[in-house]
Amino acid sequence: MEVLTVLRVLLVVVLLLVSVERSECVRCFARFDLGQCDEDLGEVDEDDCCQNHHYGYQEADGECQSCGPAVWSPWTPWSPCNVLCGEGVTQRSRKCFGIGQSECENAEDKLETVPCSGTCCDAKGWGLWLPWSPCSVTCGGGGVRKRERVCSSSPECRLSCIGPSQETEECPADNTCPVHGGWSSWTDWSPCSARCISERDDVVIIPSKLRYRSCSNPAPSNDTAPPGNDCPGNEFQALDCSELPNCPVDGSWGAWSPPGPCSVSCGEGLQLSIRRCDRPAPKYGGRFCDGPSTKSSVCQSPCPVDGFWSGWSVWSECSTSCIPQRQASVRTRQRFCSNPAPSSSPPGRDCQGDDRERENCNHLPHCPVDGGWGSWSPLSSCPVTCGVGLQVSTRRCNSPAPAHGGQDCHGEGRRTSICKTNVHCPVDGMWSEWSPWNQCKFPFGNREIRCKQLGGSQTRERQCLHRAHNGSICSGDAQLDRRVCYDVTNCYLKGTWDGWEQWSLCKPSCGGKSKRFRKRYCKPDYSEYNPTIGRQRDPATFFGIPNADCGAAPENGKKVEVEPCLNVPPCP
């Protein structure tokens, strides 16, 4: 026994050490839990990955395997009964994970099967189909509709509902879809309706210009049901020509004044009777009254005409349709020194002020700013002191950061690199299962105690397995266990029948000809034995299987019952 245990320990240690041959490349994970791998580290050699026995790796078939010693997973829950009605079986399974999977105790014991009875003999199955949904389109064809049905069986009988819960079918819509009208582009602006701004009876008349568009891109359909919608809005647009100069107003003489002095700042003047050119007075460059303003002479030198601004034009379109980042969208308007223009001889004064105004279009939305990646950070230090670890480098979406509805950066903001320490992690020891109890023997000498009412003792042991690379020894109780006992192996004893033992599992657990059995229990009569042994009065254990005599079996006389396990699934 001790030699076999030592050989098992050596085998596991050899499997945990780095093999002489180069191992295959696997995908390594920093966590393994019951067949699930987590925290992907990347691809490395299997030997490098398994320098840490807490790690796991993905095999070529996609299954996750542990780097630690072989150990059984917990049993899965029992499956539902494999038949809806009648006799069937339910099964549960477990799996051995780790290096040296054959080292799991009872390595072939992966599947357990017990009989069960289906309780869904009266299952209702599917209910009636619900009404069809409306067609997904109302015109143009190519639509679909669907309907559903509900499984009326109880949750444990859902398998009685075979087939889909939903079905779809095409639903043609032969009528043509209406075409809604769309505007064409605007035409160019027409010329202004006049060349200048006029006045009539103290009312200012500003010329205008027009542009047009047509509802033809596309035109609304009138041969469909319903017909297409007309274009919303007006088909023409008018705009005042406020940038034009005022129209000249020619002067007309008023009545003669009584004779008096003539004072003029330019030209010739007389001390004579005058008349004024004020019915109306000339404006906006209009002609002065013809003829003399006095009855004796006329002023010959003209006076200079100072310039005066026209009205401001409408604002231009903004330079952009949205406000760019770190820039401005602007618009301008202008006016002309033409209302009237300054005379050239003699020279009149120019208009005062700017002929152009500029302002920011702050009413516009900001332009979307798509994000741009910043630089990668240096790789982090290796986070482990043994085995392999994962170094991380990151970058941020801040050059620039996305703003005003712009798109986030495309790609990854994190990248990794595997770092190797080339140092094997410590492997802590694990207790093996207890060995079977040794023969019950008399503690002093070789005295025979079988079938005698003499107490003995027996021991069992366990081994601290898998410890390697300076790992911790097994913690907890001792390596050796001892108890007091009586040896009743093959001893003749009276007994009484005490019901049936539990049914065994179905064997084989898959495939055909599976059976289970149970035996009547003949309870031996140990009443002549002292229930305790020794000065410490330790409770006694009966070791071995006696030949208990319970007489004829009651009822049908059977001591063993065997029955077939029905509808056992085939082996995978």
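Is cysteine 64 buried or exposed? I looked this up before anything else, and cysteine 64 turns out to be buried, with a relative accessible area of 6%. I keep in mind throughout that the model is a predicted one.

**Entry on cysteine 37 and cysteine 64**

I then looked for the partner of cysteine 64, and I found that cysteine 37 and cysteine 64 form a disulfide in which the sulfur atoms lie 1.3 Å apart. The pair links distant parts of the chain, since cysteine 37 sits in strand 2 (residues 36–45) and cysteine 64 in strand 4 (residues 64–66), 27 residues apart. I noted a torsion of about 50° around the S-S bond of cysteine 37 and cysteine 64, so this disulfide is right-handed. Cysteine 37, for its part, is partly exposed at a relative accessible area of 22%, whereas cysteine 64 is buried.

**Entry on cysteine 139 and cysteine 177**

My next lookup was the disulfide that cysteine 139 and cysteine 177 form, with 1.9 Å between their sulfur atoms. Here too distant parts of the chain are linked: cysteine 139 belongs to the loop between strand 8 (111–119) and strand 9 (143–148), and cysteine 177 to the loop between strand 10 (166–171) and strand 11 (198–200), 38 residues apart. The link of cysteine 139 and cysteine 177 is right-handed, with 105° about the S-S bond. I recorded cysteine 139 as buried, with a relative accessible area of 15%, and cysteine 177 as partly exposed, with 28% relative accessibility.

**Entry on cysteine 192 and cysteine 241**

I also read off the disulfide of cysteine 192 and cysteine 241, whose sulfur atoms are 2.0 Å apart. This pair again connects distant parts of the chain, with cysteine 192 in the loop between strand 10 and strand 11 and cysteine 241 in the loop between strand 14 (236–240) and strand 15 (256–259), 49 residues apart. The torsion about the S-S bond of cysteine 192 and cysteine 241 is about -100°, so I entered this disulfide as left-handed. Cysteine 241 counts as buried at 0% relative accessibility, while cysteine 192, at 27%, counts as partly exposed.

**Entry on cysteine 25 and the count**

Why does cysteine 25 have no bond to cysteine 28? The cysteine sulfur closest to that of cysteine 25 is in cysteine 28, and I found it 10 Å away, which is too far for a bond, because a disulfide needs the two sulfur atoms within 2.5 Å. By this rule I arrived at a count of 25 disulfides.

Technical notes: Residues are numbered from 1 along each chain as its sequence is written. This is a predicted model: local features need pLDDT of at least 70, side-chain atom pairs count only at pLDDT 80 or more; totals for chains, interfaces and linings use all residues. Side-chain values use heavy atoms; hydrogens and water are left out. Helices (H or I, at least four residues) and strands (E, at least two) are DSSP runs, numbered from the N terminus. Buried means under 20% relative accessible area, exposed over 50%, partly exposed in between (1.4 Å probe, protein chains only).
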